[in-house]
Amino acid sequence: MALIRELGINPSYCVETHYHADHVTAAWLLRKETDCQVTAAAQSNIEGLDLVLRHDGGQQFGDFDLQVLATPGHTPDCISLYLADPAMVFTGDCLLIRGCGRTDFQTGSVSELYHSITSHLFPLADETIVYPGHDYQGRTISTIGEERRLNPRIGGDANEQDFTGFLENMQLPHPKNFDIAVPANLKMGRPDTIPVASSWAPVTETYAGILEVSPQWVAGNLEKVHVLDVRTRVETDEEPARIASVRLIPLDELRDRLDEVPRKLPVMALCRSGNAR
Ligand code: FE2
């Protein structure tokens, strides 16, 4: 979100190519901050969408007419979005650069994924640029031609049996935050409790519901708040630098020392990450 503000981007749409299992989407927050429309396939069952996409239909996004390709397999609701001119396809977690989405949870299907890629994506023209949802090596684009030739899971001469064998033997760990991420993503990442906006400081909220104020704001407004350094003794031993005049009460002692905290001004806790809360 900070990057979007910094770049001055004002998106009109936020497209969820599917509901994710390993992280919580920022779609709800993005809509709150920018008024964009959140959209996903009807099959996603995501609550509160502004625009519901139909598999294999066309969809106008501003000046661009994109085709919504049903590409299930990683999840049943997965879509890819294809633009004919200039040729590009946004493949979400279906086709990745030299890889593909996993199919071992969220009712994924190896067979469906194989047919999604070979029947809907690989028939596109060689020069079609592929924008995947993820890449863990810093790559951002590929092309259909490259993936058709070089993707080790499904490119070259690999057939469905090879593809199935590859995916079924990956033995990937279960996503750590699955039980949190899936229910949250079915609500566009909307937190259960939404803090009231504050009038005394530009407070932002994290998904976890923690209120934060930027260190820059605090530095310029020290007279308006009481800053409490709550780093533990181990943390202050490792990083002894302190803000002058700021009281230090380690977090593990705070409960017993609450009467030392002044009440006349808003109290901000400063933790090791450097954020004020
Ligand atoms: Fe995914």
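1. Phe90 is partly exposed, because its relative accessible area is 30%, between the 20% that bounds buried residues and the 50% above which a residue is exposed. This holds for a predicted model. Phe90 forms an aromatic pair with Tyr131. The ring centres are 5.1 Å apart and the planes stand at 15 degrees, an arrangement described as stacked. The pair joins distant parts of the chain: Phe90 belongs to strand 7 and Tyr131 to strand 10 (residues 129-132), 41 residues apart. Tyr131 is partly exposed too, with a relative accessible area of 29%.

2. The count of aromatic pairs comes to four. One of them is formed by Tyr13 and Phe61, whose ring centres lie 4.9 Å apart. Their planes meet at 90 degrees, so this pair is edge-to-face. Here too distant parts of the chain are linked, with Tyr13 in strand 1 (residues 13-15), Phe61 in strand 4 (residues 58-61), and the two positions 48 residues apart. Tyr13 is partly exposed, at a relative accessible area of 28%, whereas Phe61 is buried, at 11%. As background, two values describe a pair of aromatic rings: the distance of the centres and the angle of the planes.

3. Next, the metal site. The iron ion has three protein donors, His18 (NE2), His74 (NE2) and Asp93 (OD), at 2.1 to 2.3 Å. Along the chain these donors follow the spacing H-x55-H-x18-D. His74 and Asp93 come from distant parts of the chain, 19 residues apart. His74 sits in the loop between strand 5 (64-70) and strand 6 (79-83), and Asp93 in the loop between strand 7 (88-92) and strand 8 (95-96).

4. Are the donors His74 and Asp93 buried or exposed? His74 counts as buried because its relative accessibility is 5%. Asp93 also counts as buried, with a relative accessibility of 7%. The cut-off behind both statements is under 20%.

5. Helix 2 covers residues 27-34, and its buried residues are Ala27, Trp28, Leu30 and Thr34. Viewed down the helix axis, these buried residues fall within an arc of 165 degrees, so they line one face of the helix. The general rule is that an α-helix has 3.6 residues a turn, so residues three or four places apart point the same way. Asp35 follows helix 2 and has a positive phi, near 65 degrees.

6. The domain assignment gives two ranges for the protein: domain 1 (2-185) and domain 2 (213-270). Taken over C-alpha atoms, the centres of domain 1 and domain 2 are separated by 43 Å.

7. Three strands make an open sheet in the order 15-14-16, with parallel pairing. Strand 15 (247-248) and strand 16 (267-270) are at the edges. Each has a single partner strand, so one side of each is left without a neighbour in the sheet. In general, strands of a sheet pair through backbone hydrogen bonds, either parallel or antiparallel.

8. How many bridges join strand 14 and strand 16? Strand 14 (residues 226-229) pairs with strand 16 over four bridges, in the parallel sense. Leu228 stands opposite Ala269 of strand 16, and Asp229 stands opposite Leu270 of strand 16.

9. The two faces of strand 16 can be told apart: Met268 and Leu270 make up the covered face, while Val267 and Ala269 make up the uncovered one. Of the residues that stand opposite strand 14, Leu270, facing Asp229, is thus listed on the covered face, and Ala269, facing Leu228, on the uncovered one.

Technical notes: Residues numbered from 1 in each chain as written. Predicted model: local features only at pLDDT ≥ 70, side-chain atom pairs only at ≥ 80, totals over all residues. Heavy atoms only, no water. Donors = N, O, S within 2.8 Å, 3.2 Å for Na, K, Ca; no water. Buried < 20%, exposed > 50% of the residue type's maximum accessible area, 1.4 Å probe, protein only. Arc of directions from axis to C-beta. Domains from an automatic or database assignment. Pairing = 2+ DSSP bridges. Phe/Tyr/Trp six-rings, centres within 6.5 Å; stacked < 30°, edge-to-face > 60°.
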